[in-house]
Amino acid sequence: VVAGSGGSVRDALRTFISLALTRKFATALVELPSDDLDAAAGHPVRAFRRAQVVAWRGTEFVKSGVTSARVAETLGTAQQEEFANSAIEWLCQQQSSIGESRMVHD
């Protein structure tokens, strides 16, 4: 509603979801590619989580993992969302190590 009335998407997200959400995330959400929307299967929180991974430059492996996790089912409190955002950021920063570890164990 805020964004539709001339306000910014980022401001609306920060007001109603979490102050931890960045401009980069808001852009990723608004510009989410159709393949990411298809992968979210019409579930808005999954699309939201995929946009978070995109904003942190995560790979498809991380996007799939995050959107299949429990955190992609519902939004939490502001504090929970700050934690989820931090966890997703960490996963994206560690994705090469996670990918290597996964290949060794598979």
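## Overall architecture

Helices in this report are DSSP runs of H or I with at least four residues, numbered from the N terminus. Lysine 63, to which a later section returns, has its place in helix H5. The structure is a predicted model, and the values below are computed from its atoms.

The secondary structure of the chain amounts to seven helices and zero strands, so that, in the order of elements from the N terminus on, the chain reads α-α-α-α-α-α-α. Of its 106 residues, 32% count as buried. Among the contacts in the chain with a separation of 6 or more, 52% are accounted for by residues 24 or more positions apart.

## Nonpolar cores

In soluble globular proteins, nonpolar side chains tend to be buried together. The largest nonpolar core of this model has 12 residues, namely Leu13, Ile17, Leu21, Phe25, Ala26, Ala28, Leu32, Ala40, Ala47, Phe48, Ala51 and Ala55. Two elements, helix H2 (23-30) and helix H4 (44-55), are the ones that give two or more residues to this core, and the largest share, four residues, comes from H4.

Leucine 32, one of the members of this core, touches Leu37, Ala47, Arg50, Ala51 and Val54 when residues up to four places away in sequence are not counted. Apart from the largest core lies another core, of five residues, among them Val62, Val66, Ile88 and Cys92.

## The two sides of H2

Which residues of H2 are buried? They are Phe25, Ala26 and Ala28, and because they cover an arc of only 160° around the axis, they are placed on the same side of H2. The face of H2 turned away from this buried side carries the exposed residues Arg23 and Val30.

## How H4 meets H5

Two packed helices are described by the angle between their axes and the distance between the axes. For H4 and H5, the packing angle is about 145° and the axes are 9 Å apart, while the crossing of H4 and H5 is right-handed. On the H4 side the contact is made by Arg46, Arg49, Arg50, Val53 and Val54, and on the H5 side by Glu60, Val62, Lys63, Ser64, Val66 and Thr67.

The buried residues of H5 are Val62, Lys63, Val66 and Thr67. These residues lie on the same side of H5, because the arc that they cover around the axis is only 120°.

## Salt bridges

Side chains of opposite charge can pair when their charged atoms come close. A search of the whole structure finds six salt bridges. One of them joins glutamate 81 and arginine 49, whose closest N and O atoms are 2.7 Å apart; the pair links distant parts of the chain, since glutamate 81 belongs to helix H6 (residues 78-93) and arginine 49 to helix H4, 32 residues apart. Both glutamate 81 and arginine 49 are buried.

A further salt bridge brings together the side chains of arginine 50 and glutamate 60, at 2.9 Å from N to O. This pair, too, links distant parts of the chain, with arginine 50 in helix H4 and glutamate 60 in helix H5 (residues 60-68), 10 residues apart. Arginine 50 counts as buried because its relative accessible area is 2%, whereas glutamate 60, at 40% relative accessibility, counts as partly exposed.

## Lysine 63 and its network

Is lysine 63 buried or exposed? Lysine 63 is buried, because its relative accessible area of 10% falls under the 20% cut-off for that class. Leaving aside neighbours within four places in sequence, lysine 63 is in contact with Asp36, Arg50, Val53, Val54 and Gly58.

Within H5, lysine 63 also forms a salt bridge with glutamate 60, the closest N and O atoms being 3.6 Å apart. The two residues, lysine 63 and glutamate 60, are three residues apart in this helix, which is about one turn. Salt bridges that share partners join Asp36, Arg50, Glu60 and Lys63 into one network.

How values were computed. Residues are numbered from 1 along each chain as its sequence is written. This is a predicted model: local features need pLDDT of at least 70, side-chain atom pairs count only at pLDDT 80 or more; totals for chains, interfaces and linings use all residues. Side-chain values use heavy atoms; hydrogens and water are left out. A nonpolar core is a set of buried Ala, Val, Leu, Ile, Met, Phe, Trp, Tyr and Cys residues joined through side-chain atoms within 4.5 Å. Buried means under 20% relative accessible area, exposed over 50%, partly exposed in between (1.4 Å probe, protein chains only). Contact means heavy atoms within 4.5 Å. A salt bridge is a side-chain nitrogen of Lys or Arg within 4 Å of a carboxyl oxygen of Asp or Glu. The arc is that of the directions from the helix axis to the C-beta atoms. Axes are lines fitted to C-alpha atoms, for helices over the stretch in contact, and angles run from 0 to 180 degrees between N-to-C directions. A crossing is left-handed if the near helix is turned anticlockwise from the far one by less than a right angle, and right-handed if clockwise.
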